[in-house]
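Here are my notes on the model you sent, set out as numbered points. Please read them with the structure open beside you.

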Amino acid sequence: MRLFLVRHAEAAPDEPDDLRTLTTQGKQQARELGRRFARKGVKPDAVISSPLLRARETAEGIASALGVDAEQDERLAPGATPEDVRAVVAGRGNTVVVVGHQPDCGQIVAAISGGAAPEFPAGGVRELEL
């Protein structure tokens, strides 16, 4: 399986944390991520995000550019583990986009790839093979 792990796009500082929305730039980042996937011929079978608003908005921006629906899964909330990601994407097709949070994204990449946790800026993407 081809997994694209995405950290949510730029979010505004606000409270409560789970209702933080994307900034104008973050919304543009999310749409551009989707367009970038499309230009590279990436057609995901699923786009799945954390239930937090900023992750859902990022997934929706990506999914709309690709003509697919975005979904959310509680297991991708902050604190998600590599095992959570594997469970969420199991049986979802050959190519899946997952939108999550930091430091989870870096830790998940490190665990799956066997390397050090990479820097993971807002809107960052890493491609992994499961």
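1. Once residues up to four places away in sequence are set aside, A63 touches V47, V68, D69 and A70. This alanine belongs to helix α2, which covers residues 53–66, and in this predicted model it counts as buried because its relative accessibility is 1%, where the cut-off for buried is under 20%. A further pairing concerns L33, which stands 30 residues from A63 along the chain, the two C-alpha atoms being separated by 9.4 Å.

2. The setting for these details is a chain with four helices and five strands, and from the N terminus on the order of the elements is β-α-β-α-β-α-β-α-β. Among the contacts between residues at least 6 apart in sequence, 68% join residues that are at least 24 apart.

3. As for overall dimensions, the C-alpha trace spans about 35 × 30 × 25 Å along its principal axes. The radius of gyration is 13 Å, which agrees with a compact globule, because a globule of 130 residues would be expected to have a value near 14 Å.

4. Of the 130 residues, 48% count as buried, while the chain exposes about 6300 Å², with carbon and sulfur atoms supplying 46% of that area. The charged side chains number 16 positive and 19 negative, and the centres of these two sets lie 7 Å apart.

5. Which residues touch the most other members of the largest nonpolar core? They are L5 and V98, in a core of 16 residues. Two or more residues of this core come from each of β1 (2–7), β2 (46–49), α3 (82–89), β4 (95–100) and α4 (104–113), and the largest share, four residues, is given by α4. In soluble globular proteins, nonpolar side chains tend to be buried together.

6. The surroundings of V98 can be listed in full: leaving aside its neighbours within four places in sequence, V98 is in contact with L3, F4, L5, V6, I48, L76 and V89. Apart from the largest core lies another core, of 14 residues, and V42, A59, I62 and V99 are among them.

7. S49, in strand β2, deserves a separate look. With a relative accessible area of 1%, S49 falls under the 20% limit and is therefore buried. Beyond residues up to four places away in sequence, S49 touches A55, R56, A59, E71, Q72, D73, L76 and V99; of these partners, A59 and V99 are also among the members of the 14-residue core.

8. Is helix α4 largely enclosed or open to the outside? Seven of its 10 residues are buried, so α4 is largely enclosed by the rest of the structure. The buried residues are D104, C105, G106, I108, V109, A110 and I112, and the buried residues of this helix pack against β1, α3, β4 and β5, the last of these being residues 125–129.

9. Within helix α4, A110 counts as buried because its relative accessibility is 16%, against a limit of under 20%. When neighbours within four places in sequence are left aside, A110 is in contact with G115, A116 and A117. The C-alpha atoms of A110 and P82 are separated by 9.3 Å, with their positions 28 residues apart along the chain.

10. Some points of backbone geometry should be checked by eye. The peptide bond from E15 to P16 is cis, with omega near -5°, and P16 lies in the loop between β1 and α1, the latter being residues 24–39. Another cis peptide bond joins Q102 and P103, with omega about 15°, and here P103 lies in the loop between β4 and α4. Just after α4, G114 takes a positive phi of about 85°. As background, most residues other than glycine have a negative phi, and most peptide bonds are trans.

Conventions. Residues are numbered from 1 along each chain as its sequence is written. This is a predicted model: local features need pLDDT of at least 70, side-chain atom pairs count only at pLDDT 80 or more; totals for chains, interfaces and linings use all residues. Side-chain values use heavy atoms; hydrogens and water are left out. The radius of gyration is taken over C-alpha atoms; the globule rule is 2.2 Å times the number of residues to the power 0.38. Buried means under 20% relative accessible area, exposed over 50%, partly exposed in between (1.4 Å probe, protein chains only). Contact means heavy atoms within 4.5 Å. Accessible areas come from the Shrake-Rupley method with a 1.4 Å probe; for residues, only the protein chains shown count as cover. Lys and Arg count as positive and Asp and Glu as negative; His and the chain ends are not counted. The place of a charge is taken as NZ of Lys, CZ of Arg, CG of Asp or CD of Glu. A nonpolar core is a set of buried Ala, Val, Leu, Ile, Met, Phe, Trp, Tyr and Cys residues joined through side-chain atoms within 4.5 Å.
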